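Work through the exercises below with the model open. Try each task before reading its solution.

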Amino acid sequence: MTEEEHRDDAWSGMSTGWAIVSILIAGMITLGGIGFLADLLAGTDDVFLGIGIVLGGAAGIYTVYLKYGKEDSDEG
């Protein structure tokens, strides 16, 4: 095994953790921004912004599940 494949130090999962946090924040910012623009067009007070942030968080969680949490099973 190379050193890259087998790391037992405290930093081994740090990149995965930062990737997950980045995906969650990016989802909330993206859909929250779309909600903010919808509020500007509709003239409402932060209604779509809140909906966008919640939906962005849910979309981020689903994306993290698809990328990191879903286990491949070879059972038929």
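**Exercise 1. What percentage of the 76 residues in the protein chain do buried residues make up?**

Set the conventions. This is a predicted model: local features need pLDDT of at least 70, side-chain atom pairs count only at pLDDT 80 or more, and totals for chains, interfaces and linings use all residues. Residues are numbered from 1 along each chain as its sequence is written, and side-chain values use heavy atoms, with hydrogens and water left out.

Step 1. Fix the cut-offs: buried means under 20% relative accessible area, exposed over 50%, partly exposed in between (1.4 Å probe, protein chains only).
Step 2. Apply them: buried residues make up 12% of the 76.
Step 3. Take the accessible surface (Shrake-Rupley method, 1.4 Å probe; for residues, only the protein chains shown count as cover). It comes to about 6200 Å² for the protein chain, with 63% belonging to carbon and sulfur atoms.

**Exercise 2. Check the helix lengths against the expected spans.**

Step 1. Assign secondary structure from DSSP runs, numbered from the N terminus: helices are H or I, at least four residues; strands are E, at least two. The chain has two helices and zero strands.
Step 2. Compute the expected span, 1.5 Å times one less than the number of residues.
Step 3. Helix α1 has 29 residues and should span 42 Å; its end C-alpha atoms are 42 Å apart, which agrees.
Step 4. Helix α2 (residues 47–69) has 23 residues and should span 33 Å; its ends are 32 Å apart, which agrees.
Step 5. Look just past α1: Gly43 follows, with a positive phi near 75°.

**Exercise 3. Which residues of each helix are buried, and what do they pack against?**

Step 1. In α1, the buried residues are Gly27, Gly32, Gly35 and Asp39. They pack against α2.
Step 2. In α2, Gly52, Gly56, Gly57, Gly60 and Val64 are buried. Their cover includes α1.
Step 3. Check contacts (heavy atoms within 4.5 Å). Residues 24 or more positions apart account for 61% of those with a separation of 6 or more.

**Exercise 4. Which residues make the nonpolar surface patch?**

Step 1. List them: Trp11, Met14, Trp18, Val21, Ile25, Met28, Ile29 and Ile53 make a patch of about 800 Å².
Step 2. Find the main contributor: helix α1 (residues 14–42) gives the largest share, six residues.
Step 3. Test two members. Trp18 counts as exposed because its relative accessibility is 54%. Ile29 is exposed too, at 60%.
Step 4. Cross between positions: the C-alpha atoms of Ile29 and Ile53, 24 residues apart along the chain, are separated by 6.9 Å.

Conventions. Patches are made of residues with over 30% relative accessible area and no salt bridge: like charges are joined within 9 Å, nonpolar side chains (Val, Leu, Ile, Met, Phe, Trp, Tyr) within 5 Å. A salt bridge is a side-chain nitrogen of Lys or Arg within 4 Å of a carboxyl oxygen of Asp or Glu.
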